[in-house]
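User: I'd like a close look at one part of this model, with the rest brought in as background. Keep it relaxed, but give me the cut-offs as you go.

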Amino acid sequence: MADIEWPESLVPSTVVFYLQQHTARTESLFTRQQQVLELSAPRWVCRLTFPPMEQIDAALMDATIAKLRGGANRVRLFD
């Protein structure tokens, strides 16, 4: 897992941090009973909202999202 520096030119319009419960759910194929397990600790989630695409560098945004590889890497944000 690599730490990626967030580009300074991509400035979000809003930033929201919240805790999300870290759970796992399994379901029996035969009885459809579900088992929910609470895992280690809640996860911090960050939600960024950006201005319309005309106001930001779309190519830089695409490149930054590609570097994340679906959550395989971490991003260092400065508030």
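Where is Leu-48 found? And what surrounds that spot?

Analyst: Leu-48 is found in strand S5, which runs over 43-49. Before going on, this is a predicted model, so local features need pLDDT of at least 70 and side-chain atom pairs count only at pLDDT 80 or more, while totals for chains, interfaces and linings use all residues. Residues are numbered from 1 along each chain as its sequence is written, and side-chain values use heavy atoms, with hydrogens and water left out. Helices (H or I, at least four residues) and strands (E, at least two) are DSSP runs, numbered from the N terminus.

Leu-48 counts as partly exposed because its relative accessible area is 25%; buried means under 20%, exposed over 50%, and partly exposed in between, with a 1.4 Å probe and protein chains only. Setting aside residues up to four places away in sequence, Leu-48 touches Trp-6, Pro-12, Thr-14, Val-15 and Leu-77, where contact means heavy atoms within 4.5 Å. Val-36 is 12 residues from Leu-48 along the chain, yet their C-alpha atoms are separated by 29 Å.

Leu-48 also helps line the largest pocket. Its partners in that lining are Met-1, Trp-6, Cys-46, Phe-50, Leu-68, Gly-71, Asn-73, Arg-74, Val-75 and Leu-77. The pocket's volume is about 350 Å³. For the method: on a 1 Å grid over the protein atoms alone, a pocket is an open set of points where a 1.4 Å probe fits, with protein on both sides within 12 Å along at least five of seven lines, and lining residues have an atom within 4 Å of a point. Grid points are joined across faces, edges and corners, and the volume is the space filled by probe spheres set on the points.

The lining splits into 8 nonpolar, 2 polar and 1 charged residues. Here Ala, Val, Leu, Ile, Met, Phe, Trp, Tyr, Cys and Pro count as nonpolar, Asp, Glu, Lys and Arg as charged, and the others, Gly among them, as polar. S5 and S6 each supply at least two of the lining residues.

From the S6 side, take Val-75, which is found in that strand. Val-75 is partly exposed because its relative accessible area is 31%. Leaving aside neighbours within four places in sequence, Val-75 is in contact with Ile-4, Trp-6 and Leu-68. Glu-5 sits 70 residues from Val-75 in sequence, but the two C-alpha atoms are 6.0 Å apart in space.

Asn-73, another lining residue, has its place in the loop between helix H1 (58-68) and strand S6 (74-76). Asn-73 counts as buried because its relative accessibility is 13%. Its side chain reaches the backbone oxygen of Lys-67 at 2.8 Å. That distance refers to a polar contact: a pair of N or O atoms within 3.5 Å; within protein, one must be able to donate a hydrogen and the other to accept it, and residues adjacent in sequence count only if both atoms are side-chain atoms. Not counting residues up to four places away in sequence, Asn-73 touches Met-1, Ala-2, Ile-4, Lys-67 and Leu-68.

Now for H1 itself. At its N-terminal end, Asp-57 acts as a cap, with a side-chain oxygen 3.3 Å from the backbone nitrogen of Ala-59. Within H1 lies Thr-64, which counts as buried because its relative accessibility is 4%. The side chain of Thr-64 reaches the backbone oxygen of Leu-60 at 2.8 Å. Thr-64 touches Trp-6, Pro-7 and Leu-10, again not counting residues up to four places away in sequence. After H1 comes Arg-69, with a positive phi near 55 degrees.

Zooming out, the protein has 1 helix and 6 strands, in the order β-β-β-β-β-α-β along the sequence. Of its 79 residues, 11% count as buried. The radius of gyration is 17 Å, whereas a compact globule of 79 residues would have one near 12 Å; the value is taken over C-alpha atoms, and the globule rule is 2.2 Å times the number of residues to the power 0.38. The C-alpha trace spans about 50 × 25 × 25 Å along its principal axes. Among contacts between residues at least 6 apart in sequence, 65% join residues at least 24 apart.
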